[in-house]
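Student: I have a structure to work through. Can we take it by question and answer?

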Amino acid sequence: MSLPPFKIKVVEPVKVRTREERLEQARRAGFNLFHIPAEYVYVDLLTDSGTSAMSASQWSAMMHGDEAYVIPTHQGRAAEHLLFSVLVKPGDIVPSNTHFDTTRANIEVAGGEAVDLAIDEALDLHSDHPFKGNIDVEKVENLIERKGKENIPLSMLTLTNNTGGGQPVSMENLARLHALLFRHGIPLFIDACRFAENAYFVREREGAHSGRSILDITADTFALADGCTMSAKKDGLVNIGGFLALHEGDLARRIKERLVLYEGFETYGGLAGRDLEAVAVGLEEVVDIHYLAHRIEQVAYLGEGLRRAGVPVLVPFGGHAVYVDAASFLPHIPREHFPGQALSVALYLDSGIRTVEIGGVMFGKTDRETGEVVFPKLELVRFAVPRRVYMREHLDFAIESVVELYRRRDSVTGYEFEYQADVLRHFTARFRPVGAGSKSQVSPV
Ligand code: F0G
C-alpha cells in the first residue's frame, strides 16, 4: 500500500454523538442526509466535492492571487449552465457516457435532452471491465444517424464517470469518440472533474500508456477535446471553484458575455483571485503520482474491506468512491421504498457515517398525473472519500459499521416521500419511514 505523501498540519476536531442525538437530527431533516448539520456526522463520505484538505502551498498561494486565462466560474454547474445556455436550444440532444445530475438538469433547463450512452458493462455490477466509464461509440454513431448532426450541438464525456461508479474512460475510447465527432463536426467537451484520477487508471490499466507521466496523459486527453467544464472541488483540490476552458474564440466570447451577467468579470468568475491561485496550485499537486497512488488505493482499501465481508459492492472500485449495491443489501425493501435511502439513513443512525443515495431518489421520476415511478437500473449508495482528509482508522470504522449493519439488515425498513420537488429532488426531499403515518404523497405538503 502506498504511504500518505503528506502529514497533518491543521486538524478539525469531530465529536462522536449518541444514536439518540442522531435520530433527533434525522427526524428534523426529514430523513434527508443532505440536511444533517455537519457537526452531527462523524465520518462524512457524502461527497468528495469541495471536501479536500488544502496544502500549505495552496493556502500560501491564496495570499498572492491575480489573473487567470480560462473562464473561471464559482463551481462546475455554473460552467455547465454557461456552456449549455449558449450551445443548446430546445429539441437538441447531448450524448455522454453518463451525465452527472447537474449536467443533465442544465441541459434540460436549456430545452435539450441529455442522453446516457455508456457501454453495457457500465450497468453490470460484476463485470470487471477495466474501463467501465467508456462511452459506446457505436451508439453515438447511431444517434447521429437517427437524429442528425445538426441537432447535436456537442457531446460530453465525464472523466471519471461519477454516476456510473467513478469508473475511468480509456484513451482509446476517447480517441474513437473524438474521431467520430470530428468527422461530423460535433464538438467534444470533457466533464473534467476527476481527470487526474482518470489518468491514473489509464496509466495503470491501458497498456500503451503504462508508466507514462500523469501530466503527459492529461495533456493527450485534453488535446482530443474542444473544451471542458471543471468543478475544481474535486481534482482541483479546493473547497470552491471551477472553470470552463475551450479552444474556439467566438464561442469563448459569447460565453464571457454571459459570464459577466451571471458570475462576474472574466478574470475571476464568481471567485476571488486568491481562490483561483489555490485552484492553480491544486491542479499541480493533483497530478503527482504519489498523491494519486495513495488516493486511489485508499478508496480501494475501503472497497476491499467491504467486499471481503460479503457486502455487495460495485467492482472494480471507482477512483473517488465505493458504491454499495443497496438493492442486494436490502432485498426485502421494494424499489418504491427506496432501499438506497434506507441503507444510508440506517448507517447514519448507527454510526454517524454520512453517504449518499444514488438510485431511485436521485434519478427516479414520478409522473405527477399517474403517480407512476420510473426507476433507474441501479440502486446504489455512494461512499465518497474526501481527498487528503481521512486516515485508515476512519475507513476501518466505516467498514466495521457497514458490516455490522449488513449482519442485521433484515431489521432495516424503507422510506416514502413526504415532499419532493420537480428538479434535483434528492437535495430537498423529505421522507418518512414506511409504516409511520399517512400514505405517500406526490405533491408538496
Ligand atoms: N460533473 C460531475 C461529474 C460531478 O461529479 C459534479 C459534482 C459536477 C459536474 C458539478 O460540479 O458541484 O462544482 O457544481 N459532483 C458532486 C458530487 C456534487 O458529490 O459528486 P459542482
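Tutor: What follows is a set of short questions on a predicted model.

Student: How many residues surround the ligand, and which are the closest?

Tutor: The closest are T47, R77, D191, S231 and K234. They belong to a surrounding set of 17 residues.

Student: How far is an oxygen atom of the ligand from an N or O atom in the side chain of T47?

Tutor: The contact pairs a ligand oxygen with a side-chain N or O atom of T47. S231 also places a polar side-chain atom 2.6 Å from a ligand oxygen. For T47, the distance is 2.6 Å.

Student: What percentage of the ligand does the protein bury?

Tutor: Start with the ligand taken alone, which exposes 470 Å². Of that area, the protein buries 94%.

Student: Which residue meets D48 in a salt bridge?

Tutor: The bridge runs from N to O at 2.9 Å. Its two residues sit 146 residues apart, with D48 in the loop between β1 (43-44) and α2 (56-61). The partner lies in the loop between β6 (188-191) and α7 (195-205). A side-chain N or O atom of this partner is also 2.9 Å from a ligand oxygen. The residue is R194.

Student: Is R194 buried or exposed?

Tutor: Buried means under 20% relative accessible area. R194 has 3%. Its partner D48 has 0%, so D48 is buried. R194, at 3%, therefore counts as buried.

Student: Which residues are linked with D48 and R194 in a network of salt bridges?

Tutor: A search of the whole structure finds 29 salt bridges. The network takes in D48 and R194. Its other members are E197, D235, R295 and R387.

Student: Is D92, the salt-bridge partner of K89, buried or exposed?

Tutor: The closest N and O atoms of K89 and D92 are 3.2 Å apart. K89 is partly exposed, with a relative accessible area of 46%. D92 has 2%, so D92 is buried.

Student: Which strands hold R432 and E418?

Tutor: The two side chains meet in a salt bridge at 3.5 Å, N to O. R432 is buried at 8% relative accessible area, while E418 is partly exposed at 24%. The pair ties together parts that are 14 residues apart in sequence, because R432 lies in β16 (430-433) and E418 in β15 (415-419).

Student: Where do the buried residues of α8 lie around its axis?

Tutor: The buried residues of α8 (214-223) are I214, I217, T218 and T221. They cover an arc of only 100° around the axis, which puts them on the same side of α8.

Student: Why would residues three or four places apart point the same way?

Tutor: Count the residues in a turn of an α-helix. Three or four places make roughly one turn, because the number per turn is 3.6.

Student: Which residues of α8 are exposed on the other side?

Tutor: Exposed means over 50% relative accessible area. On the side of α8 opposite the buried residues, the exposed residues are L215 and A223.

Student: What is the omega of the cis peptide bond between L159 and T160?

Tutor: Most peptide bonds are trans. This bond is cis, and T160 lies in the loop between β5 (155-158) and α6 (171-184). Omega is about -25°.

Student: Which residue follows V315 across a cis peptide bond?

Tutor: Omega for this bond is near -15°. The residue is in the loop between α11 (289-308) and β9 (321-325). The residue is P316.

Student: What is the phi of F338?

Tutor: Most residues other than glycine have a negative phi. F338 is not a glycine, yet its phi is positive. F338 lies in the loop between α12 (326-329) and α13 (339-351), and is buried at 4% relative accessibility. Its phi is about 55°.

Student: What is the phi of R388?

Tutor: R388 sits in the loop between β14 (380-384) and α15 (392-407). R388 is buried, with a relative accessible area of 17%. Its phi is positive, near 60°.

Student: Which residues make the nonpolar surface patch of about 310 Å²?

Tutor: One member is V11, in the segment before α1 (19-28). V11 counts as exposed, at 63% relative accessibility. The full set is I8, V11 and M391.

Definitions and conventions
Residues are numbered from 1 along each chain as its sequence is written. This is a predicted model: local features need pLDDT of at least 70, side-chain atom pairs count only at pLDDT 80 or more; totals for chains, interfaces and linings use all residues. Side-chain values use heavy atoms; hydrogens and water are left out. Patches are made of residues with over 30% relative accessible area and no salt bridge: like charges are joined within 9 Å, nonpolar side chains (Val, Leu, Ile, Met, Phe, Trp, Tyr) within 5 Å. Accessible areas come from the Shrake-Rupley method with a 1.4 Å probe; for residues, only the protein chains shown count as cover. A salt bridge is a side-chain nitrogen of Lys or Arg within 4 Å of a carboxyl oxygen of Asp or Glu. Helices (H or I, at least four residues) and strands (E, at least two) are DSSP runs, numbered from the N terminus. Buried means under 20% relative accessible area, exposed over 50%, partly exposed in between (1.4 Å probe, protein chains only). A residue is near a molecule or strand if one of its heavy atoms lies within 4 Å of it. A polar contact is a pair of N or O atoms within 3.5 Å; within protein, one must be able to donate a hydrogen and the other to accept it, and residues adjacent in sequence count only if both atoms are side-chain atoms. The arc is that of the directions from the helix axis to the C-beta atoms.
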